[in-house]
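I opened a fresh notebook page for this one and kept my entries short. Have a look at the structure first, then follow along with what I looked up.

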Amino acid sequence: MSQYNTIFFDLDGTITDSKPGILRCIRLALDAKNIPYTEAQLDKMVGPPFRVSMREILGVDGDIVEELIRIYRGEYEVAGWRECTVYDGMEDLFKRLRAAGKKLAVATCKPLKFTNIMMDGLGLREYFDFVGGAESDSSRDSKIEVIRYVMENMRLTSPDGILMVGDRLYDVDGANEAGMDSAGALWGYGGAEELKAHGVTYLFDTPAQLGDFILK
């Protein structure tokens, strides 16, 4: 069996294709405040914490960001999250890993409130030992903070034997900072070039390929 006994999964772009709902809600918020943007900029905003993407991608900071977050989350809670779908092969992957005795956790920078709504609404919670997300007030919103939060709650004192699965550079950076290996999900939003540039440990084209590796 593989050296990895515990698998951490990012949510958006790894477990679910959440882009349509996320982008619609971001557009709604930006349009409400007459903030200009391009579609290329919006694409980059799927993955990082909202406050980070507003600052680094659109150059928006300060009090206006909190108002944008309020508008975005108001729509996302009601309808935006419903526009996401589970990637083909993910539930089969979870079933295979669980049957092999692996421990699974969600480690996402999406606020925990919405993460829980999605996990319950999509019927995915049964596969996971723990679901970890960000705090809405930004007290825990970076990937490394979420990873440490999940480790603490699962009583994992060492990164050895943990594999972080994600589709964006933030997942890889968080894993590297935590001292754990990372698996790049090429079915998500980041792409091989981005993931390689940040030192991803492995790359996988499909959930089935990832499962075969973990269970070999």
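Before counting sheet partners I fixed my rule: two strands pair if DSSP finds at least two bridges between them. I also noted that this is a predicted model.

**Entry 1: the strands**

I began with β1, residues 6–9, and found that β1 and β4 pair in the parallel sense over four bridges. At one end of this pairing, I saw that the bridge partner of Thr6 in β4 is Lys103. Further along, Phe9 stands opposite Val106 in β4.

Next I checked β1 against β6, and these strands also run parallel, joined by four bridges. Here Phe9 turned up again, with Val165 as its bridge partner in β6.

Which way do the side chains of β1 point? I found Thr6 and Phe8 pointing one way and Ile7 and Phe9 the other way, and all of them are buried.

Then I moved to β4, residues 103–111. Eight of its nine residues are buried, so the strand is largely enclosed by the rest of the structure. I looked for its pairing with β5 (residues 130–134) and found four bridges in a parallel arrangement. One of the pairs I wrote down is Ala107 with Gly132 in β5.

**Entry 2: the nonpolar cores**

I asked which residues touch the most other members of the largest nonpolar core. That core has 53 residues, and the ones I was after are Ile7, Phe9, Ile15, Phe94, Phe128 and Leu210.

I picked Ile15 for a closer look. Setting aside residues up to four places away in sequence, Ile15 touches Phe9, Asp10, Thr85, Val86, Tyr87, Met90, Phe94, Val106, Leu124 and Phe128. I then found a second, separate core of 16 residues, with Ala105, Ile144, Val150 and Met180 among them.

**Entry 3: Asp167**

I located Asp167 in the loop between β6 (162–166) and α8 (169–178). What is the nearest side chain of opposite charge to Asp167? I found Arg168, 5.1 Å away, and Asp167 is buried yet has no salt bridge. The cut-off I used for a salt bridge is a side-chain nitrogen of Lys or Arg within 4 Å of a carboxyl oxygen of Asp or Glu.

I did find a polar contact of 3.2 Å between the side chains of Asp167 and Thr14. Leaving out neighbours within four places in sequence, I listed contacts of Asp167 that include Asp10, Asp12, Gly13, Thr14, Tyr189 and Glu194.

**Entry 4: salt bridges**

A reminder to myself: side chains of opposite charge can pair when their charged atoms come close. My count came to 17 salt bridges.

I first wrote down Arg24 with Glu75, whose closest N and O atoms are 2.9 Å apart. Arg24 lies in helix α1 (residues 19–32) and Glu75 in helix α4 (residues 63–78), so the pair ties together parts that are 51 residues apart in sequence. Both ends came out partly exposed, with a relative accessible area of 30% for Arg24 and 22% for Glu75.

Helix α1 gave me another pair: the side chains of Arg27 and Glu39 meet in a salt bridge at 2.9 Å, N to O. Glu39 is in helix α2 (residues 39–44), and the pair links distant parts of the chain, 12 residues apart. I noted Arg27 as partly exposed at 27% relative accessible area, and Glu39 likewise counts as partly exposed at 42%.

Within α4 I looked at Glu67 and Arg70, which form a salt bridge with the closest N and O atoms 2.7 Å apart. They are three residues apart in the helix, and therefore separated by about one helical turn. Glu67 is partly exposed at 26%, whereas Arg70 counts as exposed at 51%.

My last salt-bridge note was a network that links Asp10, Lys143 and Asp171.

**Entry 5: Lys196**

I finished with Lys196, found in helix α9 (residues 192–197). Is Lys196 buried or exposed? I have Lys196 down as exposed, with a relative accessible area of 57%. I also checked Lys196 against Leu169: they are 27 residues apart in sequence and 8.7 Å apart in space, C-alpha to C-alpha.

How values were computed: Residues are numbered from 1 along each chain as its sequence is written. This is a predicted model: local features need pLDDT of at least 70, side-chain atom pairs count only at pLDDT 80 or more; totals for chains, interfaces and linings use all residues. Side-chain values use heavy atoms; hydrogens and water are left out. A nonpolar core is a set of buried Ala, Val, Leu, Ile, Met, Phe, Trp, Tyr and Cys residues joined through side-chain atoms within 4.5 Å. Buried means under 20% relative accessible area, exposed over 50%, partly exposed in between (1.4 Å probe, protein chains only). Contact means heavy atoms within 4.5 Å. Helices (H or I, at least four residues) and strands (E, at least two) are DSSP runs, numbered from the N terminus. Lys and Arg count as positive and Asp and Glu as negative; His and the chain ends are not counted. A polar contact is a pair of N or O atoms within 3.5 Å; within protein, one must be able to donate a hydrogen and the other to accept it, and residues adjacent in sequence count only if both atoms are side-chain atoms.
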